[in-house]
Amino acid sequence: MMEMKQCYWNRFYDSYSEQVRICGGVPVHVALDVGSGDSSTWSLNFEKMQAAVTDRTKLLFFNNPANVPGKVYSLEELQQLAEFCVRNDLLVVADEVYDVLVFDEAKHIRLASLPGMEERTITIGSAGKMFSVTGFKIGWTIAPPDITDAICRIHRNVPFCVSSTLQEAVAIALEAAPSQGYFQDMIEQYGASRRKLIDMLESVNLRPIVPQGAYFVVADAAHVDRERFVDAKSTDALDWQFCSWLTEHGGVCSIPISPFYGDRHSAPGVFARFAFCKSDEQIEQAGERLAKLKL
C-alpha cells in the first residue's frame, strides 16, 4: 500500500487516528491556536498546517462544531479552509455531528457548501448527537457518489448492519422534528443548562471558555496550585492528573483535553471539559462539591 499521510487539527475525535493507522496511513496532528475568552478566539493556524502537508498528504479531518473548545467556525474561516484544501488537493472528512446544537449568534455552515468542496468532502452526521440517543449508534455520511460507493463497500464488511428498528425511528424523527419545533426547543433547553454550568464553574473559581456549540464547557484550571494535584512520579499529562484529583477528592468527573491531542503532553495548560447535558440538580450538586475544594 502506498504510504499516505492524514492531517488533523488537534482536538479531534480520538478514534480517527487509530482508524487511519489500521488503514496504513500516518496521522499528522496540528494544534489550533489557543485563544482567550470564548471559544471563537481559538483559531486555525494555516502556516503550521501548510508546513505539515507533503505530497503524500491525502485527507484532512475537520470538526465543526469542535467539541473542544465548542468552537463554531465563521464563514471567513471556512472560506480560508476551503481554499487550503483545494490548493493542496485534499479530501476532507467533515465531522459535523453537533451541527444543530449552536448558540447565541453562531451559525453552522457546512464545509461542503463552499466552492470547490462538494466534490472532495465527506460530511458525517449523527442521530445520537442530534436527538440525544447516543446508544442508537445511528449516523450517516454525505459524499460524492464514487466516495459513497466506496464507503458502502467498506461499511457492509465492518458493522455489516445496524438495528433496522432504530434506523426507522431515526427516519421518523428526522421527518417530524422540524415541524414540531424540536431543534429550537433543544437549543433553548441546552442553552439554559450551558448558562447554569458556566455560572457554576465561575462560582467555584474555575475559568470557563464559553462554547458556541456542542454540549460541553472547557474550564481553565491553570491557576490551581499544582502541589494539590500533581504527582511527581506520574507520567500522565497535567490535565489528566487534575481531572483525576477532581474526581477523587471532589466527587466530580470531568474529561482532560489532552486525549484530543496527538501527543497528550503537547496539550496546553490545564483544561478540563464538563458536560451540561445534565439536570439542574446534577449541576447544582457538582457545584456544591467543587466549592468544598476551594479552588
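The legends below describe views of a predicted model of the protein.

**View 1. Overall fold of the protein.**
The secondary structure consists of nine helices and ten strands. Along the principal axes, the C-alpha trace measures about 55 × 45 × 35 Å. The radius of gyration is 20 Å, which agrees with the value near 19 Å that a compact globule of 295 residues would have.

**View 2. Burial and contacts across the chain.**
Buried residues make up 46% of the 295 residues of the protein. Among contacts with a separation of 6 or more, 65% join residues that lie 24 or more positions apart.

**View 3. Surface and charges of the protein.**
The exposed area is about 15000 Å², and 52% of this area comes from carbon and sulfur atoms. The protein carries 28 positive and 38 negative charges. A distance of 5 Å separates the mean position of the positive charges from that of the negative charges.

**View 4. Thr 123 in strand S5.**
Strand S5 covers residues 121–126 and includes Thr 123. The relative accessibility of Thr 123 is 3%, so this residue counts as buried, the cut-off being under 20%.

**View 5. Contacts of Thr 123.**
Neighbours within four places in sequence are left aside in this view. Thr 123 is in contact with Ala 94 and Glu 96, and also with Arg 110 and Ala 112. Further along the chain, Trp 140, Thr 141 and Ile 142 are in contact with Thr 123 as well. The residue at the centre of these contacts belongs to strand S5 and is buried.

Methods
Residues are numbered from 1 along each chain as its sequence is written. This is a predicted model: local features need pLDDT of at least 70, side-chain atom pairs count only at pLDDT 80 or more; totals for chains, interfaces and linings use all residues. Side-chain values use heavy atoms; hydrogens and water are left out. Helices (H or I, at least four residues) and strands (E, at least two) are DSSP runs, numbered from the N terminus. The radius of gyration is taken over C-alpha atoms; the globule rule is 2.2 Å times the number of residues to the power 0.38. Buried means under 20% relative accessible area, exposed over 50%, partly exposed in between (1.4 Å probe, protein chains only). Contact means heavy atoms within 4.5 Å. Accessible areas come from the Shrake-Rupley method with a 1.4 Å probe; for residues, only the protein chains shown count as cover. Lys and Arg count as positive and Asp and Glu as negative; His and the chain ends are not counted. The place of a charge is taken as NZ of Lys, CZ of Arg, CG of Asp or CD of Glu.
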